[in-house]
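Me: Please take a close look at one enclosed space inside this protein, the second largest cavity, and at the packing that surrounds it. I would welcome a connected account that also says how far the model may be trusted.

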Amino acid sequence: MSEENKREKRKAIIPVTGMTCTTCAATIEKGLSETPGVEQASVNFASEKASIEYDPSRIDLAKIKNTVSQLGYGTATRKAIFPVGGMTCASCVARVEQALSSVPGVISANVNLASEKATVEYIEGTEFAELRRAVAGAGYELGSEAETLEDVTTATRREVLKIRNRFIFAAVFGLAIMVIGFGPSFPGKPYLLWALATPVQFWAGWRFYRGAWGALRHRTADMNTLIAVGTSAAYLYSMIAVLAPGLFAAGGLEPHLYFDTAAVIIALILLGRFLETRARGQTSEAIKKLIGLQPKTALVIRDGKEMEIPVDDVQVGDLILVRPGERVPVDGLVRQGYSSIDESMITGESMPVEKKTGDEVIGATINKTGSFQFEATKVGKDTTLAQIIRMVEEAQGSKAPIQRLADVIASYFVPIVIVIAAITFIIWYFAGPAPAFTFALLNFIAVLIIACPCALGLATPTAIMVGTGKGAENGILIRSAEALEKSHQIRTVLMDKTGTLTRGEPRVTDIIAIPSFSQEEVLRLAASAERGSEHPLAEAIVKAAYEKKLKLSSASDFNAIPGHGVEASVEDKKLLLGNLKLMKNGGLSRNGLEEEAERLWEKGRTVMFLGVDGRVVGIVALADTLKPNAREALQQLHKMGIEAVMLTGDNQRTAEAIAREVGIARVRAEVLPEHKAQEVKKLQSEGKVVAMVGDGINDAPALAQADVGIAIGTGTDVAMETADITLIGGDLGGIITAISLSKRTMRTIKQNLFWAFAYNTALIPVAAGVLYFAFGQTGVPTGLRFILGDYGFLNPILAAAAMATSSITVVFNSLRLRRFKSVKFDSLTRGGATMAIDPVCKMEIEESQAAATSEYREKKYYFCAAACQKAFDENPEKYLAEEKNRA
């Protein structure tokens with residue numbers, strides 16, 4: 001091998017996870033060795049590391065990581081977000097990404113112009129100093145990961161002030177140059193104009209020279225190059241006209257001065273940059289709000305004493321006291337007390353959630369009513385809020401496929417513009433009207449100045465930042481820009497039943513008693529028999545009895561009969577509680593209740609018969625009830641033209657009963673966990689973009705296979721790690737909100753890209769002087785002369801104003817997404833059925849409290865809902881009849 005080829009090879013040591021034996025190491029080694037571009041691979045099981053030599057021109061670390069993943073193993077990598085300073089356009093983005101990717105150990109680098117941050121995935125052991133050197137070599141600054149958002153915000157504020165001060169300086173001096181320039185002549189006037197223009201050119205405009213020099217060192221060009229060349233041409237031409245006017249006279253030319261053009265162009269571009277930077281800061285408003293939710297202190301109980309400490313000093317296991325009106329400082333479990341907590345800032349749900357001993361509480365939520373003590377289980381970067389912030393930051397730093405296309409176009413844009421400007425100068429100099437050199441120079445400057453890669457670079461990231469931030473505000477965590485883009489194409493939503501459409505826990509839905517027994521007595525005896533059981537159905541029966549405040553009796557001679565039910569003695573009565581087979585085996589008369597049982601089975605209920613002293617006296621039916629808003633969410637999906645498919649491991653009859661209740665026409669029942677991903681593939685083979693909604697470990701493969709995986713936040717960590725989108729609160733309305741937000745975001749991106757492309761496509765020819773052929777002979781109409789002069793040539797000053805306007809327009813168009821409203825359903829659950837809040841109650845509340853605060857109205861809704869629930873529980877038939885009449 002030649003010395004040159006040796007230099008082309010790179011070595012990397014990658015930590016590998018998931019290996020259990022030397023066979024695993026051999027499998028990975030073989031798989032890597034067979035990968036094109038990998039020259040040599042050695043995997044050490046003991047150190048859990050893979051040593052690889054590869055050809056970077058054929059394969060990169062991202063593909064190597066993907067190969068290990070496909071073999072069924074993982075790689076121990078880190079992902080960090082660093083602030084980047086000095087970027088001005090999409091060309092800068094490409095250079096920073098290229099610089100970071102060139103550092104050994106970096107797997108991927110995504111740079112966001114709007115947030116001015118770089119998201120870098122790299123192998124453990126990669127030094128930050130190497131990353132910083134690479135970025136500095138490209139002409140930019142890389143901040144440390146340890147810098148907080150407050151540090152970055154402060155730095156951004158300083159940058160905004162710096163730009164503002166330079167703009168004011170350039171504007172004042174530029175105006176003075178214009179006033180003096182158009183005024184009467186006096187001795188030394190050209191030298192005064194030159195003196196005024198010089199600090200504007202080289203102090204106020206120094207950032208453009210610095211950026212252009214950085215680009216030139218890397219043999220490329222960006223927006224700074226265009227501005228520096230354009231303004232320098234006007235400045236140098238004018239300087240020569242001041243110092244050596246005889247050169248122009250010898251050539252038969254009149255020495256015009258264009259100091260005002262250079263100065264005002266710099267002032268206008270600085271104005272555009274000032275407004276754009278300030279507006280871009282608003283795109284990360286959601287992150288700032290989330291960070292602002294974190295309490296600064298916590299009231300910790302240690303050694304029996306209450307002490308207020310910084311929240312950063314809270315440790316796992318600490319006992320923390322929270323009073324009414326205070327924020328919960330970290331995540332934990334309630335150990336003492338009872339309260340209701342407003343979790344809307346995390347989950348998007350407006351109704352307070354009741355908390356009792358053993359319940360989880362989330363940091364940053366607000367305690368509404370009582371005091372309680374809880375044990376800290378997650379602190380620092382492990383809290384739910386910290387994870388949400390990290391996920392949103394990573395999503396904002398990622399790139400949608402449509403953005404990658406825009407970046408590719410932008411990377412070729414500046415060199416093409418420079419070529420167009422040069423051709424424009426040559427054509428007008430040799431073929432233009434007199435004074436040809438003046439027109440050629442002005443058109444050359446106008447083309448350079450009006451071309452705007454900024455709008456192209458900002459079109460997608462600004463919209464993605466606002467969109468993902470808006471999602472987080474509504475309890476929807478979007479993992480990447482690609483997921484946000486893909487969601488608007490969803491045509492089929494595949495839903496797991498248990499825990500997704502339903503609550504995932506059985507509840508008593510029906511109680512039927514023979515004439516000599518009451519429903520309360522049947523429930524009381526059944527609960528008394530099941531009191532000592534830990535079976536989920538038994539717990540549901542006991543819970544229903546407690547909710548109705550029934551007094552339970554002690555059971556003796558308890559015996560669980562596997563697969564059938566239980567037997568016990570309660571109040572000297574022999575009870576049997578279980579399925580029909582248990583009743584038949586015991587020889588109990590069914591008192592005609594089999595027909596009622598058949599009706600309940602058709603609805604997908606689990607039916608338990610209660611036998612007392614040799615005869616069946618009643619039925620207790622249970623079911624995994626629907627989640628609130630499930631029916632409304634499915635109806636909304638149908639209205640959007642999206643097909644819903646239920647996927648479950650349950651039997652066909654139960655699945656179809658739930659499907660009928662929510663309005664799903666297509667059901668896949670009795671599907672084993674390992675086959676769920678295959679069902680997703682089948683739907684994808686029909687040409688559909690499929691979203692999978694699930695909450696359990698068994699849903700993870702299907703979530704990964706789907707085009708968009710949506711995890712319910714109340715489910716397992718594995719499901720949420722696999723999914724592209726997480727609904728924190730578990731409300732299915734979040735699916736509608738996520739899809740609607742994706743549609744709005746993509747519409748905004750397309751508007752931005754259209755504006756950016758249309759602007760450049762339309763105005764570059766105008767700047768090049770194409771309108772001369774329309775107005776050159778006849779003259780420009782009076783109303784357009786301020787813009788196009790006498791011959792149809794665009795004034796370079798107006799070109800600068802138009803260029804600044806294009807970037808500002810794109811940013812402000814993206815900020816309109818902040819007005820997006822999530823989907824909300826006015827509903828509550830009554831007796832296991834989801835129904836609308838009584839419309840009369842709702843109307844009365846809204847009319848009587850029209851001027852009251854939204855928080856007050858929410859409380860009124862809450863109490864109205866509780867009253868309606870109570871009325872329904874006492875007499876369902878009566879309540880439904882009354883509600884129908886009132887509505």
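Reply:

**The second largest cavity and its setting**

The protein chain contains 35 helices and 32 strands. The model is predicted, and its mean pLDDT is 79, with 83% of the residues reaching 70 or more. Of the 887 residues in the chain, 50% count as buried. Among contacts with a separation of 6 or more, 67% join residues that are 24 or more positions apart.

A search of the whole structure for cavities of 30 Å³ or more returns two. The second largest encloses about 60 Å³ of space. Its lining is made up of M223, I269, G272, R273, E276, C454, M803, A804 and S807. By class, five of these residues are nonpolar, two are polar and two are charged. Two helices, α11 (259–283) and α32 (796–815), each supply at least two lining residues. The largest contribution is that of α11, which gives four residues.

I269 links this lining to the wider packing. It is one of the residues that line the cavity, and it is also listed, with M87, L100, L637 and I735, among those with the most contacts inside the largest nonpolar core. That core has 138 residues, and helix α29 (residues 733–767) provides the largest share of it, 13 residues. Setting aside neighbours within four places in sequence, I269 is in contact with F208, M223, I227, I449, A800 and M803. Of these partners, M223 and M803 also belong to the cavity lining. In soluble globular proteins, nonpolar side chains tend to be buried together. The chain also holds a second, separate core of 41 residues, which includes V566, A568, L577 and V620.

Some features lie outside the cavity lining and merit a separate note. E571 sits in the loop between β22 (565–570) and β23 (573–578), and it has a positive phi of about 50° although it is not a glycine. D572 is found in the loop between β22 and β23 as well, with a positive phi of about 65°, and it too is not a glycine. As for accessibility, E571 is partly exposed, with a relative accessible area of 36%, whereas D572 counts as exposed at 82%.

K688 offers a further local view, in the loop between α26 (676–685) and β28 (690–694). At 22% relative accessibility, K688 counts as partly exposed; the cut-off for buried is under 20%. The C-alpha atoms of K688 and R491 are separated by 6.1 Å, although the two residues are 197 residues apart along the chain. Not counting residues up to four places away in sequence, K688 touches T492, E643, R666, L683 and D707.

Finally, on confidence, two stretches call for separate mention. Over residues 1–7 the pLDDT stays under 50, and the model has two contacts for this stretch beyond four places in sequence. Over residues 827–863 the pLDDT is likewise below 50, yet the model shows 74 contacts for this stretch beyond near neighbours in sequence.

Terms used:
Residues numbered from 1 in each chain as written. Predicted model: local features only at pLDDT ≥ 70, side-chain atom pairs only at ≥ 80, totals over all residues. Heavy atoms only, no water. Core = buried A, V, L, I, M, F, W, Y, C linked by side-chain atoms within 4.5 Å. Buried < 20%, exposed > 50% of the residue type's maximum accessible area, 1.4 Å probe, protein only. Contact = heavy atoms within 4.5 Å. 1 Å grid on protein atoms, 1.4 Å probe; cavity = no way out; pocket = protein on both sides within 12 Å on 5 of 7 lines; lining within 4 Å. Points joined across faces, edges and corners; volume = space filled by probe spheres on them. Nonpolar A, V, L, I, M, F, W, Y, C, P; charged D, E, K, R; others polar. pLDDT = per-residue confidence, 0-100.
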